[in-house]
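User: I would like to learn how to read a structure with several chains. Could you walk me through it, feature by feature?

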Amino acid sequence: MTSALVVPGQPLGPAHAYVPGSGVHVFNGQIVSSLVGQVVTTASTSTSASASTLTSTPPTISVVKPSVAADEEGSSATLLPDVNSEVLCRVTRINARQATVAVFVVNGRVCGDDFQGVIRVQDVRQTEVDRVRIFTSFRPGDIVRAKVISLGDQSNYYLSTAHNSLGVVMANSEAGDPMYPINWREMKSSRTGVVEERKVAKPF
Amino acid sequence: MASRAPDRRRNNPPSHGTTPPVFLSTSAGDINPVQAPSRPPDEIRKIFLRTGLVSSVTGSSFLEIAPLKLSVSVLGPRPLPRTSTTPFAAQAILTTEVKFAPFASTVRRGYVRDSSERDLGSRLYQALVGAIRRELYPKSRIEVVVTILDSEDEGDEVNTVCIEEGKTVEPRFWDVGRSERALGVVLAGCITAASAALADAGIEMFDLVSGGVASVFVDGSEVKGKAKEGAGPGRRYVRDPSIAPLDEGAPLATCVLGYMAARDEISELWISGRLGTKSGTAEMDELVDEAVAAARSSRGVLNEAAKERIQFIVDKAQSADPSAVGGKDTEMTG
Amino acid sequence: MPIQIIAPAPFRDAGDSDEEGEGGVRLDIDNDGDIAMEGDSQSHRKTQGRHAGQIVTPGELVTDDSQWMRGHGTYLSTSDDGAQCIVSSLAGTIFKTNKLLSIHALRFRYVPEIGDLVVGRILEVQTKRWRVDIAAPHSATLLLSSINLPGGILRKRTSTDELQIRTFFSEGDLLVAEVQTLNSDGQASLHTRSLKYGKLRNGVFLTVDAGMIRRMKSHVLTMPTSNGGGDVDIYLGVNGYIWIAKHTVSLAEGAGSDAKSVSITRLEEEASEAIYSNANEEISPETRAEIARIGCVVRALVKANVKIDEEMLNLGYEAALEESLVGFDWGTDTDAGKRVVDLALAMRRRE
Amino acid sequence: MPPPTPLSPPELSYLYTSLTLSPPIRPDLRAPSQFRPIVAECSFLPHCNGSARICMAEAGECIVGIKAEVEKDRTTKYATIIERDKWIEVTVEVAGGGASGPGSGVGVGGISGAERRAVGGWSSDIGPVLLLTPTSHPSPLLLSAAANVALDSTFLPKLTSPHEVDDIPAFSDDWAISTPLYEPATFPRPPISLPIVAVGDNVFLDPSVAEVAAAEVGLVVTLTLADSEGNCDLVGVRGMEVGRGGGKEGERKGTSRKLLRQMVDACIREAGDVIKGLGESTRQQMFRA
């Protein structure tokens, strides 16, 4: 359910009547908009199982900025990686301890600037962590799907590929040919047939 | 795919050629500054404010108040620069930059920011920093860049002693606060426009900040505006005063502020001039109230401008025929 | 008058203050605990009239008597007549230990030593360690493995802890720690692996010159206060950083009372939740006033060049109470500090 | 220099709560409208028309020198002597680059906005040098008190050439007949900028660095003594950057008009005494010299 446009500072209703969602904040016992956009109220998603608790959850109220058409740049404005965000990144540097990457897609949306992240050797895969070697998991230039596990330090986000669906999604061989995955840890060059080792993401 | 890192060290030319703009008329008569029609002292000038004019940045706005023209770009939230000295930022770092275009005033401005531009930048920062929900954007920075394309000249020629054939001609009055007043009007415009650009960028804010200016004059014999009740003897208040030489003499003091109307809070305040304090802060209060009233007026324009583009998108999404809905300029007074 | 404007006073050298008795007291303080002093009065005169406690400047001849050994802050030189002499390389006071002559600088940066209790502030969070400002020439390091991890000492450090490093200490946080090791260039490595150490809460921070803190057996004092202030903890960091806070029943003490029932691991678990919290306890206005008063006593003592130890703090606090500096008198009366110090010194002499 | 390390959250919250109490407890037990004592010295730089040195225990030390110069009029290209009682610009430049930390720049602006005084034909350069302890920031009070004392102790050489606009003016070498920039017992006196912060409903004059970090709102209020009865004129108000630490999210983001009144009012009450006190101290020293 959507309604008319609101601007930052505009009160939307008493704080006890709603659960504040995104794009709003609470001031003086009022839910106040923080964005220009449309008000969206969603009824509480509590299932019937919670009916035993008699208190009904009030609806969630949020303000959503309507997404601009895809051709318009800048729509991905306030995109920042957060813990558990799924990202796409390009490997820029590797060493024995970690792979440094440039994040360019956050939650399926292209961001304006690259965010720097690292995939530490212990975060490459779930099992047999001690046997992981960065050099057989990533090469510079690979496109990797990963998950943010920590905001990290001042310069790096910490990423993890420790899941079947996470890992290298696109890679070129040493000769520069595109490769396709053949199993969970190998990719094959489409031209020469050379097989290289990678931490491969499970194709959908 | 991400594009390669943009070159931030210099102003790059557009990648394609440009055509010089052709204006309908370049006759001399049009070049003359527009003479502001006389308006009541409690009315601010017409404001033209639009958002989303610069496509390459996150949010932008363009503002015109009579001779003042400025554009604001908001970049970010974007990653912090990767230097070893950058500290961890739990909340977004706001940077504000105000620059006069070299052609913005009668005297050519240099490309390096001068002290008044740096000062305007720090005041704009003051006005905005409290309003932005910076804690939502950790490890990032938000940049607000204001370019002033045209401004009322804050030059000092009124104050200059003219010398004609060896004779000194005294000016009729000494407009002390003239340059401050000019900067104040610019600052108020910057605040309003920057709020619109931040809203356009979709950056969460506690409230929009609008700018307001007011001056207090000694009420001369020829009374143009009615004296305010209880404003003390012979005090006259003018909202959004013009910078052009004033007939009624120099103002006693000028107040510029950034105002959050929904919270009734002043985020930035700047008073200069001379106010008596025999009755405590009464004289100041009057002036501040006038400036707040001016800020409230510009807030109306700001609200409309902030909604305008979003409304356009909503209409476009809803309407089967997008051409039926056109963007309409917001032009109104408070 | 809301403001006190003081005309500049001409500089008084140490000789002047000696006559007024102030400097004499300071001399006592500087030298007590130095056993060799009294018996050596004969040899004093041989050091060309220079006596312990006297101020020398770099390049100044300390003695040409060959019976003295060269200590810190001095170097050997050859005088005009070819004799070996000891020359000061610091601006400071002469200090003698048996036959060893050394100069203690008037002002100096803190040089960490193993076992020192220091109060520090986190400068930077790195992957597995923190950089900590302890007022030393080099910032100290605190390794993730040198802190008490929530869940108890016995818990193994995991990579999750590395990701959560900022939840233990982040930039600006204050902590009390012990210097564990020193590396070759004098950089200290700290540890907080004791319930005595850790994050600082419930109080105020102030800095003094490192030289103003006398080394004591214990640098954590608990002081009973008047006016309903309750007990106040004072952490006198050897590095000159001081933390004055409301007394909290330390976990070790708590364990002492009912140690029978609580196993040490249980205790650790219970402690773990709270030790890295940023929230202060409820602190009464009375306690806050007494904490501020102790802070003022410390500042007054430092201003009068009196070294801070447990005795002086207690006397200073007593004197502050005796001067009936209740409420805000301290703030409006700018000479109050001087009177308090004088009174405290008088009380000390009496004892 | 790395940026100053912020205070820790427990420190800020302790300070915030102590300052919001009624009556508030400042860390140094000062009363809310009590200033820290300052040491003021004047006229000690021989090459300056006026100079001052101000020391504040924690906020550091500041030296200001005033050098007057005859300035050529920009439009006429002649050196001109403008009649007295006209205003001229006084530029303030801070040496030593104290451009970081909260409160910087404010004091300077506060003075330059207000300090336009009757000095016919003279252009004065105020050049403060800040000698600061590393933990402090350029306190607006430190700067403006120094500028105040320096202006108050400024003497200009006597003009000997007749008042001809085309001439380069000539001045007497005799300092005994030099005239003070601010004639004694005339008004207004040199102005002073008072920093003030608000925490909760309490306002504090001359805040320390920690108090600025915990404060929600800060102002620098510039006032000048308008007459012999101690009435002040308000010549400038500016916002001061404060830390906004300690308070809860979603609370005060600016100042309400009521709080603004309260803050300016507190400054008005104390400014007269501060300016008079500085003036007396200056005159005593000048007299002795």
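**Reading the chains, one feature at a time**

Analyst: Gladly, starting with burial: buried residues make up 48% of the 334 residues in chain B. Keep in mind that this is a predicted model. In chain D, 55% of the 289 residues count as buried.

User: How many helices and strands are there in chain B, and how many in chain D?

Analyst: Chain B has four helices and 12 strands. For chain D the count is five helices and 13 strands.

User: What share of the contacts in chain B joins residues at least 24 apart?

Analyst: Taking contacts in chain B between residues at least 6 apart in sequence, 73% join residues at least 24 apart. In chain D, residues 24 or more positions apart account for 73% of the contacts with a separation of 6 or more.

User: Let's turn to a single residue. Is B:Ala295 buried or exposed?

Analyst: The idea is to count C-beta atoms around the residue: with 20 or more others within 10 Å, it is called buried. B:Ala295 has 30 other C-beta atoms within 10 Å, so it is buried. This residue belongs to helix H4 of chain B, which covers residues 282–318.

User: Which residues does B:Ala295 touch, leaving out those up to four places away in sequence?

Analyst: B:Ala295 touches B:Ser210, B:Gly211, B:Gly212, B:Leu257 and B:Tyr259. You can also look at a C-alpha distance: B:Ala295 and B:Ala261 are 34 residues apart in sequence, yet 8.1 Å apart in space.

User: Which residues touch the most other members of the largest nonpolar core?

Analyst: They are B:Leu124, B:Cys190, B:Ala194, B:Ala291, C:Ile242, D:Ala146 and D:Ile196, in a core of 260 residues. Helix H3 of chain B (residues 178–200) gives the largest share of this core, 14 residues. To see one member's surroundings, take B:Leu124: beyond its neighbours within four places in sequence, its contacts are B:Thr96, B:Val98, B:Val144, B:Val146, B:Leu187, B:Cys190, B:Ile191 and B:Ala194. Another core lies apart from the largest one and has nine residues, including C:Trp68, C:Val87, C:Leu101 and C:Ile103.

User: Now a helix. Why is H9(C) said to be largely enclosed by the rest of the structure?

Analyst: Because 15 of the 19 residues of H9(C) are buried. One residue of this helix, which runs over residues 285–303, is C:Arg293. C:Arg293 is buried, since 27 other C-beta atoms lie within 10 Å. Its C-alpha atom is separated by 12 Å from that of C:Ala245, 48 residues apart along the chain.

User: What span should H9(C) have, and how far apart are its end C-alpha atoms?

Analyst: At 1.5 Å a residue, its 19 residues should span 27 Å, and the end C-alpha atoms are 27 Å apart, so the two agree. After H9(C) comes C:Asn305, with a positive phi near 65°.

User: How do I read a sheet?

Analyst: Strands of a sheet pair through backbone hydrogen bonds, in a parallel or an antiparallel way. In chain C, an open sheet of four strands has the order E2-E7-E8-E4, with mixed pairing. Strand E2 (55–56) and strand E4 (69–70) are at its edges with a single partner strand each, so one side of each has no neighbour in the sheet. Two bridges join E4(C) to strand E8 (residues 100–105) in the parallel sense, and C:Arg70 stands opposite C:Leu101 in E8(C).

User: What is the order of the open sheet of three strands in chain C?

Analyst: The order is E3-E6-E5, with antiparallel pairing. Here strand E3 (61–63) and strand E5 (74–78) stand at the edges, each with a single partner strand, so one side of each is left free of a neighbour in the sheet. On average, neighbouring strands of this sheet are turned by 45° against each other, direction ignored. E5(C) and strand E6 (residues 84–88) run antiparallel and are joined by five bridges. The bridge partner of C:Tyr75 in E6(C) is C:Val87.

User: Last, how many residues of chain A are in contact with chain B?

Analyst: There are 33 residues of chain A in contact with 39 residues of chain B. Of the side of chain A that touches chain B, the largest share, six residues, comes from E10(A). By class, this side has 14 nonpolar, 13 polar and six charged residues. The contact between chain A and chain C takes five residues from each of them, and the chain A side there has two nonpolar, two polar and one charged residues.

Notes:
Residues numbered from 1 in each chain as written. Chains lettered and ligands numbered in written order. Predicted model: local features only at pLDDT ≥ 70, side-chain atom pairs only at ≥ 80, totals over all residues. Contact = placed C-beta atoms within 7 Å. Nonpolar A, V, L, I, M, F, W, Y, C, P; charged D, E, K, R; others polar. Buried ≥ 20, exposed ≤ 12 C-beta atoms within 10 Å, placed from the backbone. Core = buried A, V, L, I, M, F, W, Y, C linked by C-beta atoms within 7 Å. Expected span 1.5 Å × (residues − 1). Pairing = 2+ DSSP bridges. Axes fitted to C-alpha atoms, helices over the stretch in contact; angles between N-to-C directions.
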